[in-house]
Amino acid sequence: MPNPVLTAIARSFLAGDLSVDSIVARAAQTLGRPWRWLRPVARNFTEVFAGQVRPRRRDVVGFLLRDPVFRRAWNGRRRLILVARYLPEAPRMQPVAAAAGWEIPAIETVGDLAAWLEIEPDEVDWFADLKALTQKPSAARLHHYHYKLIDKSSGTVRLIEAPKPRLKQIQRRILTGILDRIPPHPAAHGFRRGHSIRTFVAPHAGRRVVLRMDLRDFFPSISGARVQAFFRTAGYPEPVADLLGGICTNAAPRHVCAKAVAARDLYQGPHLPQGAPTSPALANLIAYRVDCRLAGLARASGAAYTRYADDLAFSGGEDFDRAAGRFAIHAAAILHEEGFAVHHRKTRVMRQSVRQHLAGLVANQHANIRRADYDRLKAILTNCLRHGIDSQNRQGRPDFRAHLAGKVAFVEMIHPSHGARLRELLRKLESGIGPTI
């Protein structure tokens, strides 16, 4: 167990803002006086952890034990280090400066978390499953998720991990009570109220050149450790942050990925599950730093930047046109540094002479659906009127009418006048003009 004095010093480093002056002031209060060695140690600390999320206390203790300046002070002046307050203190919220204004609930103990989630404390441990007790093949009936492997056109697989009802209810509580109260970066347009692929594409409409990039395995590439670190950044004490992170992440059992060798490393470690209600919001929030860096890079190049989940779009004028190739390399380097992988085969530089398509929409003049998609949907609706609804339900959808209504609503959102024509055809079907639905 760490020396209580050492633990107290580490706690003072993490108690608030991680700037040199703040660390020195807090540590001096803990140690009883502003020792001369404090500032160089604090400077070394900020250099080591610069640009990272709030570290764990054990990481700070490890840094102190390795730092040569602190080791000399610790070994040579041990009797002079008079700790004023090193007794364990009650856990409390300690958000970083940027998170101080977030209106999120204060949850300071495991008991508080259980009460806030309206479950028993042992159930919190069970659903977080930090020891991966439910991942053994013999515990298949105890798994918290349903699994479905989907083959992708690239030859890889996507694992859909759908939480079971009880866990999904708990995750929705975390989503509405915590995550929805934290603002993502303005460039993020996916999974946000008031935003859509239309708002994602709109800033790039009519631009001279559009650069499209795609992230590989967006959700599973965000590890459980990053999710726990995010909750610590929000201010939650380590035990609470670890449990929140465990509830929102999953490690797929080995036998689930037995037929997908390439996906084992990706899915068997704790990661954001694609299918959990908390995953989209967490992905946006954890990508905040990379959004900041890419937005800054775009601004310096005279370009606009938006992101819709794993789709990234940049656009600009003549200056950006000349530098688009080099820009893509710099953007990929930033993404790599931030722990994301670029699907390089899907990177496209699209000028006005070709169809500039983003997330299934065309952006050459204004955000619009592809003509072929509109014509196809119009033909389906027309054939439903002529030959009956069953003649067009070739994929055997259980509620084909609702499927068509959703398609029409999407067109209305993107292009109201085109959508109005399709809506009239749908209205005729619903009113019984021609074969009814």
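**Salt-bridge close-ups in a predicted model**

**View 1. Arg370 pairs up with Asp373.** In this predicted model, Arg370 and Asp373 make a salt bridge whose closest N and O atoms sit 3.0 Å apart. Neither end of this one is buried: Arg370 has 31% relative accessibility, so it falls in the partly exposed class, and Asp373, at 25%, is partly exposed too.

**View 2. Four side chains share partners.** Here the picture goes beyond a single pair. Arg289, Arg293, Glu337 and Glu338 are joined into one network by salt bridges that have partners in common.

**View 3. Arg56 meets Asp242.** The closest N and O atoms of this salt bridge are 2.9 Å apart. The two residues come from distant parts of the chain, with their positions 186 residues apart in sequence. Arg56 belongs to the loop that runs between helix H3 (38-48) and helix H4 (57-66), while Asp242 is part of helix H11 (residues 238-248). Buried or exposed, if you look at Arg56 and Asp242? Both are buried.

**View 4. Asp321 reaches Arg208.** This salt bridge also has its closest N and O atoms 2.9 Å apart. Asp321 sits in helix H15 (residues 318-337) and Arg208 in the loop between helix H9 (197-201) and strand S3 (209-216), so the bridge ties together parts that are 113 residues apart in sequence. The two ends get different labels for accessibility. Asp321 has a relative accessible area of 14%, which is under the 20% cut-off, so it counts as buried. Arg208, at 44%, lands in the partly exposed class.

**View 5. Stepping back to the whole chain.** How many salt bridges does the count come to? It comes to 17. As a general point, side chains with opposite charge can pair when their charged atoms come close. This chain carries 66 positive and 38 negative side chains, and the centres of those two sets are 4 Å apart. For the backdrop, there are 18 helices and 10 strands, and the C-alpha atoms fill a box of roughly 95 × 60 × 40 Å along the principal axes. Of the 437 residues, 47% are buried. The chain exposes about 22300 Å², with carbon and sulfur atoms supplying 52% of that area. If you take contacts between residues at least 6 apart in sequence, 67% of them join residues at least 24 apart.

Methods:
Residues numbered from 1 in each chain as written. Predicted model: local features only at pLDDT ≥ 70, side-chain atom pairs only at ≥ 80, totals over all residues. Heavy atoms only, no water. Helix = DSSP H or I, 4+ residues; strand = E, 2+ residues; numbered from the N terminus. Buried < 20%, exposed > 50% of the residue type's maximum accessible area, 1.4 Å probe, protein only. Contact = heavy atoms within 4.5 Å. Areas by Shrake-Rupley, 256 points an atom, 1.4 Å probe, with all protein chains shown as cover. Lys, Arg positive; Asp, Glu negative; His and termini not counted. Charge placed at Lys NZ, Arg CZ, Asp CG, Glu CD.
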